Amino acid sequence: MNIVEEHIKFFHKELPENITLVAVSKFHPIEALCSAYDVGQRIFGESRVQELSSKYEQMPSDVQWHFIGHLQTNKVRQLVSYVSLIHSVDSVRLLEAINVEATKINRTVDILLQLHVAQEATKFGFSCEECVQLVQTGAIKQLNNIRVCGVMGMATNTEDESEIRKEFRDIRKVFDYLKSNIFPDADYFKEVSMGMSDDYQIAIQEGSTMVRIGSTIFGTRNID
Ligand SMILES: *Cc1c(COP(=O)(O)O)cnc(C)c1O
């Protein structure tokens, strides 16, 4: 068994049953994805449209492709036909662009709203207040070809565990608020995408439903 297979098997055993594993395969070759696939992994996360398209064409059709990177509106058209979840929706403009393209091909696209809770200014996303406001105005409900399935976020890259924990807790709080006030009857509103290689254990303790793990499965990347 190769190392990728071992790592996938480890996570399938290690993660609680109700946690979805997104294997983040960005910058890794197709052979590595095939190894993961061979031991049962079906959900892969990519952060570039071009790379996702190319891998989509090479991998079996039962793979579910999640987009996790910053998405430019001019790349949306290429993505909507085969993406199964977009984690990283970080602006109203992008929401509208996804809806337009999804409408054209008569598809409903599942998305998560990305929250910016980290201290780094380089990260993308809505503030918690903006996100709640956006959903509360009802404007999203007018976007008929989009289904909001939850929220996503990244914690600050720090050694300070209490800071990471606090940020994950903030993400979960937004989810809980939206769930009870806006989506109480929507069974599809159920995902809290948080936790990466270095912090997934904390994320799970704080209420993650979906972890996005790259380097611990596939090894370190040359670029990011
Ligand atoms: C690259 C990436 C990951 C995976 O990070 P690792 O530290 O390699 O596990 C998760 N989420 C997002 C948004 C990413 O861009």
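# Briefing: ligand site, cores and selected residues

F27 sits in the loop between β1 (20-24) and α2. Keep in mind that this is a predicted model. What follows starts with that loop residue, then goes through the ligand, the nonpolar cores, helix α2 and a few individual residues.

**Backbone oddities**

- F27 isn't a glycine, yet its phi is positive, at about 70°.
- With 22% relative accessibility, F27 counts as partly exposed, because the buried class takes in residues under 20%.
- N106 is another non-glycine residue with a positive phi, here about 60°.
- You'll find N106 in the loop between α5 (92-104) and β5 (109-115).
- N106 has a relative accessible area of 70%, so it falls in the exposed class, which covers values over 50%.
- G40 comes after α2 and has a positive phi too, near 105°.

**The ligand and its surroundings**

- The residues around the ligand are V24, K26, I68, M152, M154, M196, S197, R212, I213, G214, S215 and R221.
- Sorted by class, that shell comes to 6 nonpolar, 3 polar and 3 charged residues.
- On the side-chain end of things, K26 puts an N or O atom 2.7 Å from an oxygen atom of the ligand.
- The side chain of R212 has an N or O atom 2.9 Å from a nitrogen atom of the ligand.
- G214 works through its backbone: one of its backbone N or O atoms is 2.8 Å from a ligand oxygen.
- The ligand on its own would expose 390 Å², and the protein buries 89% of that area.

**Nonpolar cores**

- As background, nonpolar side chains in soluble globular proteins tend to be buried together.
- The largest nonpolar core here has 69 residues, and the members touching the most other members are I86, I98, I111, L113 and L178.
- Helix α7 (residues 161-181) supplies the largest share of this core, with 6 residues.
- A second core, separate from that one, has 9 residues, among them V24, I43, I68 and L112.
- Two of those names should ring a bell: V24 and I68 are members of the second core and also line up around the ligand.
- What does I111 touch, once its neighbours within four places in sequence are left aside? The list is L85, I86, V89, L95, I98, I146, R147, V148, C149 and G150.
- Among those partners, I86 and I98 are, like I111, in the group that touches the most other members of the largest core.

**Helix α2 and what packs on it**

- In α2 (residues 30-38), the buried residues are I30, A32, L33, S35, A36 and Y37.
- Their cover includes α1 (3-14), β2 (43-46), α3 (49-58), β3 (64-67) and α9 (215-218).
- S35 belongs to this helix, and its relative accessible area of 10% puts it in the buried class.
- Neighbours within four places in sequence aside, S35 is in contact with N2, V4 and E5.
- H12 lies in helix α1 and is partly exposed, with a relative accessible area of 38%.
- Leaving out neighbours within four places in sequence, H12 contacts L21, V39, G40 and Q41, and G40 is the positive-phi residue that follows α2.
- H12 and F168 are 156 residues apart along the chain, and their C-alpha atoms are 22 Å apart.

**Two buried polar or charged side chains**

- Is N145 buried or exposed? N145 counts as buried, because its relative accessibility is 13% and the cut-off is under 20%.
- The location of N145 is the loop between α6 (128-136) and β6 (146-153).
- A polar atom in the N145 side chain is 3.0 Å from the backbone oxygen of R107.
- Not counting residues up to four places away in sequence, N145 touches N99, A102, T103, N106, R107, T108 and V109; N106 is the exposed residue from the first group.
- E163 is in helix α7 and, at 15% relative accessibility, counts as buried.
- A 3.3 Å polar contact joins the side chains of E163 and Q119.
- Sequence neighbours up to four places away aside, E163 touches Q119, T156 and T158.
- E163 and T108 are 55 residues apart along the chain, with 36 Å between their C-alpha atoms.

Methods:
Residues numbered from 1 in each chain as written. Predicted model: local features only at pLDDT ≥ 70, side-chain atom pairs only at ≥ 80, totals over all residues. Heavy atoms only, no water. Near = heavy atom within 4 Å. Polar contact = N/O pair within 3.5 Å; in protein donor to acceptor, adjacent residues only side chain to side chain. Areas by Shrake-Rupley, 256 points an atom, 1.4 Å probe, with all protein chains shown as cover. Nonpolar A, V, L, I, M, F, W, Y, C, P; charged D, E, K, R; others polar. Core = buried A, V, L, I, M, F, W, Y, C linked by side-chain atoms within 4.5 Å. Buried < 20%, exposed > 50% of the residue type's maximum accessible area, 1.4 Å probe, protein only. Helix = DSSP H or I, 4+ residues; strand = E, 2+ residues; numbered from the N terminus. Contact = heavy atoms within 4.5 Å.
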